[in-house]
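Visitor: I would like a close look at a single part of this model, a strand and its surroundings, with the criteria behind each term spelled out. Please take me through it in one connected answer.

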Amino acid sequence: HRLREGGGAGASKSRRKAKRKAAAGGGGEGGGEGDDEQGRVSKKWRKENAHAQDAWEEALNALQPDSDAEEGAEAAPKPAAAAAASANASSSEPAAGGAARDPRLQGFRIGGQAETAEEKGEGWCGPWATARALLDKRAAALAERQEELGGEAPPPLVEWSPKREYEAAAARRRRSAPEPVPTLQALATEFVCANIDCVEDFGALTPAVQHALATELCRRRLFRQPQLRLLAPPGLPLSELVAPDCHQIDEQALHETLEPLACPGSRLALLSLGFCGKCVTTATSQLIARMGALESLTLTGAYRLTDGCVAAICGARGAALRSLKISGNQQLTAAFVASIASECDSLERLALEDLIYLPGEAAAPIGRLTQLQSLSFRGTRLLVSSSMLAAVGGAAHC
């Protein structure tokens, strides 16, 4: 019974389909035209209602040719020769690549269609492939250009020849000035600084050795609080203390190092601290002012110094100072220059550098320093010429 119902349902469905075809085409040949029309409608419907699974499939769907354009191309009459050739070609052998591909889809493999020989010769359009193609065609382009010019390279616009052979001169310099052999002290200094963590005590060091060790440690960025205590142990009288780079030393460590040296009986005559802005403060300047034998003071990068700090140092030790260098400060004014000029009568070398906000007339009081032999205002840009003339005019030996 179910088979009969199924057969009846299938027969009724076939009859309904045949009626629709007859209504659309009206006969055998007309029915074929109806099938074609229905196929075109269904193809167009599938294209308009296609749902891409991802962005790649959506891009490929957008690149497909229009069905109306395909129909127009198919309906266009062909010449007799072209029609015969196509008929012979279709009868003799099947097309190797299938249907003609859209030129916009070059480089893709869609529907089992491989790239043609012409497409493979075009290459990929990426930057690396383009550069390679240009390099490959460079020789041919040069030959073509030379052929256009008559087979010879064009002469240069300007004839130029170097006045000196730089490579030969450099080779002569290398031969004439060989690399010097390092001294035993330099080798020992490098070895000690490379293994500074294993050193417990240096004992008494000569100023030259202390300078070499401090310089090498700063070059290796190993100059910290433990190394400062090694070079300046408490209780040991020092005549010189040099630290070219103190950016890793804090205020408390420097205060503990300088406090035993801040007394009237101290022998410290030279104090040089580089990049000391973090550790040199008002309290540090008070310790420096109490150093009884101080003759040379260098504070570079001391951005926390104020006019009062410099005035305190000059008021206490100005008469004995022979050399003074202060640099890298933005809050010092003309008042500290006046303090130096009034208190440091014995100054022979003075360097006030990179004080970018020092007023233009601040250098005029320097003219009262009659013993001055060396003066530097490098990086102090606001000074005016009249102030500089007044400073240099008083110091006859400068």
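Guide: Strand 2 (residues 270–273) and strand 3 (residues 296–300) pair in the parallel sense over 4 bridges, where two strands count as paired if DSSP finds at least two bridges between them, and where strands (E, at least two residues) and helices (H or I, at least four) are DSSP runs numbered from the N terminus. This is a predicted model, in which local features need pLDDT of at least 70 and side-chain atom pairs count only at pLDDT 80 or more, while totals for chains, interfaces and linings use all residues. Residues are numbered from 1 along each chain as its sequence is written, and side-chain values use heavy atoms, with hydrogens and water left out.

Within this pairing, Ser-272 has Thr-298 of strand 3 as its bridge partner. The connection between the two strands runs through helix 14 (residues 282–289), and together they make a right-handed β-α-β unit; right-handed here means that, with the strands pointing away from the viewer, the path from the first strand over the helix to the second runs clockwise.

On its other pairing, strand 3 joins strand 4 (residues 323–327), again in the parallel sense, over 5 bridges, and Thr-300 stands opposite Ser-327 of strand 4. The chain crosses from strand 3 to strand 4 through helix 15 (residues 307–317), in a β-α-β crossover that is right-handed.

As for the side chains, Ser-296, Thr-298 and Thr-300 point one way from strand 3, Leu-297 and Leu-299 point the other way, and all are buried, that is, under 20% relative accessible area, whereas exposed means over 50% and partly exposed lies in between (1.4 Å probe, protein chains only). Strand 3 is thus described as mostly covered, with 5 of its 5 residues buried.

The wider setting is an open sheet of 6 strands in the order 1-2-3-4-5-6, with parallel pairing. Its edges are strand 1 (240–243) and strand 6 (374–376), each of which pairs on one side only, and the twist averages 5° from one strand to the next, taking axes as lines fitted to C-alpha atoms, for helices over the stretch in contact, and angles from 0 to 180 degrees between N-to-C directions. Strand 1 pairs with strand 2 in the parallel sense over 4 bridges, and there Glu-240 stands opposite Leu-270.
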